[in-house]
Amino acid sequence: MSQHPHGAARPGDGLRLMHVHAHPDDESSKGAASTAMYVTQGVDVHVATCTGGERGSILNPKMDRPDIAANITEVRRQEMERARDILGIRQDWLGFVDSGWPEGDPPPPLPDGCFALVPLEESTGRLVELIRSFRPHVLTTYDERGGYPHPDHIRCHEVSVAAFEAAGDRERYPDAGEAWRPLKLYYHHGWSYAKTVALHEAMLAHGLESPYAERLANWQREPEWDDRITTRVPCGEFFGVRDQALLAHATQIDPDGPWFSIPHSIQQQVWPTEDFELVTSHVETTLPEDDLFAGIRAV
């Protein structure tokens, strides 16, 4: 077992957590504070990144330059390396090509060979091999809507769910390593209506402009969707690490944009958790939870 420098065992020693994401930067915008928290506990955290983000738009005006656009594949890999080091995680590329965001009415067909068009059996096999190699106790991914309807996010959900089930079946993908069954599967729930309202009202109460006014005005409420949240992981003290990891993806995030407009003190007071939905558990646990490893630590 790994230990603190002074020899004391940490609460996460021996535990392994895998996040499956569609693009570089998703690991920093979804669940990064809880990731950083678990790393400090001694949990071995691994991110599987399905694509290289090659077709992602340059969203930071300061990085919207011809030299960046011409080398976007390498730039995004370097950004991922910096974010990985900030979070203290391991990370592997599944090696698929970004599908891009189809724009138009109707939207154009997806480009040949992109991740969303790769046969599910093939892309699932690559993730199964990684799961069997890393042997995570817990796996997280997106819900069936992908968190938002990017074709790569939808495909990431499909691949993750299929691989979660197949990895423990020795008859499936027999050449992908010894079978390993993760014990729990979670979906990320980043922005519920309740969370957005709470932060919006807190900003107004402090006399600050909220970045969520327009979003809330157009929100189509689905209470049953927010009710799916089962697990709220307290990780507010790691919001700064989360933001540093996100800023490492300089092509994808504007440091002067609304993402960073809410002070950490307000976030920590109003909504100090990152939220998940427990989808499958092969161990006994009690809902609601405050730990992705609930029911596993005792075992």
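**A tour of two helices and a central strand**

Select helix α5 (residues 120-134) and helix α6 (residues 151-166): their axes come within 8 Å and cross at roughly 55°. That angle falls outside the parallel, antiparallel and perpendicular ranges, so α5 counts as oblique to α6. The crossing of α5 past α6 is right-handed. Keep in mind that this is a predicted model.

Now show the side chains where the helices touch. On α5, pick Leu120, Ser123, Thr124, Leu127, Val128, Ile131 and Arg132. On α6, pick Arg155, Glu158, Val159, Ser160, Ala162, Ala163, Phe164 and Ala166. Colour this contact of α5 with α6 by residue class: 9 are nonpolar, 3 polar and 3 charged. Among the charged residues are Arg132 of α5 and Glu158 of α6.

Next, move to strand β1, residues 16-21. Is this strand enclosed or open? Of its 6 residues, 5 are buried, so the rest of the structure largely encloses β1. Buried here means under 20% relative accessible area.

Which strands pair with β1? Select strand β2 (residues 44-51) to begin with. β1 and β2 run parallel, joined by 6 bridges. To find one place where they meet, click His21: its bridge partner in β2 is Thr49.

Then add strand β4, residues 138-141. β4 also pairs with β1 in the parallel sense, over 3 bridges. Click Leu17 this time; its bridge partner in β4 is Val138.

While the strands are on screen, turn on their side chains. In a regular strand, side chains alternate between the two faces of the sheet.

Note on methods
Residues numbered from 1 in each chain as written. Predicted model: local features only at pLDDT ≥ 70, side-chain atom pairs only at ≥ 80, totals over all residues. Heavy atoms only, no water. Buried < 20%, exposed > 50% of the residue type's maximum accessible area, 1.4 Å probe, protein only. Helix = DSSP H or I, 4+ residues; strand = E, 2+ residues; numbered from the N terminus. Pairing = 2+ DSSP bridges. Axes fitted to C-alpha atoms, helices over the stretch in contact; angles between N-to-C directions. Parallel < 35°, antiparallel > 145°, perpendicular 65-115°, else oblique. Left-handed = near helix turned anticlockwise from the far one by under 90°. Contact = heavy atoms within 4.5 Å.
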